[in-house]
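Visitor: Please pick a single spot in this model and take me through it slowly. Then show me what else there is to look at from there.

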Amino acid sequence: MHLEQREVERNITRREVLYVLKTGFHEQKEDDFDEVYNNWHYAVRGKSLDDRDLRIFVSFDEETMMIIITTFEIQRKTYG
Amino acid sequence: MDKTIQNEFIDYGCGFPVLLKNVPMRKVHGKWIPDVNYNELEKSILIMLCHKPFKLTGNEIRFIRLYFEMTLKEFANRFGVQHPTVVKWENFKNDPTNMTLGTEKDIRLFLIGHIKGKRKIADLYTEFEQKPFRTNRSVEPLQTIEIDMEGVAI
């Protein structure tokens with residue numbers, strides 16, 4: 001599983017992504033269709049061991065089985 | 001599918017840079033990405049961290065903790081400290097932590113015990129006694145780990 005520079009800048013590691021893929025849930029409303037490569041990017045959301053709320057977009061490829069498109073940390077909204 | 005071997009590639013997926021050499025690459029969706037077994041790669045990195053001649057950095061400690069799927073509290077309990085202490089270690093980022101040499105030895109022995117089997121623990125302990133690791137504050141800010149992918153199972 002390859003992580004891009006932007007994940008590094010967000011201080012998200014491969015182990016956190018794997019943990020969320022194992023324990024998170026499919027967030028169907030966030031799925032997105034990639035018209036360039038004609039396949040779906042599926043959103044998986046969950047908490048990391050450090051309680052970070054992450055959303056990961058994954059795509060399936062015939063040979064590599066799964067690739068990670070990108071990972072975001074969902075920022076908590078603050079009111080006041 | 002396009003494939004090639006790239007001389008060098010820096011992987012950041014562990015939270016710190018690891019220089020990979022002779023890396024099989026594969027083109028996926030128009031981008032070249034390493035075609036490696038990341039589980040084997042991370043095991044190799046953990047073994048290298050056991051033998052690293054300098055103190056472990058904050059990001060390396062974080063990688064070890066997350067590899068074993070331990071929370072801050074679980075990691076702290078395992079190594080006999082309070083969890084804010086682990087937070088402090090990890091906040092050193094790419095600098096060596098200020099943990100005691102005894103704790104660092106314990107962490108490295110824990111690693112080797114979980115990766116290579118008990119017989120090697122004694123060998124590693126002897127290695128620490130003969131060549132204690134050094135603090136590298138005055139040397140370079142970051143000692144990059146290098147792994148030749150020809151030696152890692154793909």
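Guide: Sure, and keep in mind that this is a predicted model. Let's start at A:G24, which is partly exposed: 19 other C-beta atoms lie within 10 Å of its own. Being buried would take 20 or more, and being exposed 12 or fewer, so A:G24 falls in between. You'll find A:G24 in the loop between α2 and β1 (25-26) of chain A. Setting aside neighbours within four places in sequence, A:G24 is in contact with A:V44, A:R45 and A:G46. As for A:T71, it is 47 residues from A:G24 in sequence, and the two C-alpha atoms are 13 Å apart in space.

Now for chain B. Helix α2 of chain A (14-23) is one of the elements that the buried residues of α2(B) pack against, and the others include α1 (38-50) and α5 (101-115) of chain B. In α2(B), residues 58-67, 10 of the 10 residues are buried, so this helix is largely enclosed by the rest of the structure. B:F63 and B:R65 are among those buried residues. Just after α2(B), B:E69 takes a positive phi of about 50 degrees.

Next, take α1(B) and α5(B) as a pair. Their axes come within 9 Å and cross at roughly 140 degrees, and the two helices are therefore oblique to each other. Their crossing is left-handed. On the α1(B) side, the contact is made by B:K43, B:L46, B:I47, B:L49 and B:C50, while α5(B) brings B:R108, B:L111, B:I112 and B:I115. Sorted by class, that contact has seven nonpolar, no polar and two charged residues.

Conventions: Residues numbered from 1 in each chain as written. Chains lettered and ligands numbered in written order. Predicted model: local features only at pLDDT ≥ 70, side-chain atom pairs only at ≥ 80, totals over all residues. Helix = DSSP H or I, 4+ residues; strand = E, 2+ residues; numbered from the N terminus. Contact = placed C-beta atoms within 7 Å. Axes fitted to C-alpha atoms, helices over the stretch in contact; angles between N-to-C directions. Parallel < 35°, antiparallel > 145°, perpendicular 65-115°, else oblique. Left-handed = near helix turned anticlockwise from the far one by under 90°. Nonpolar A, V, L, I, M, F, W, Y, C, P; charged D, E, K, R; others polar.
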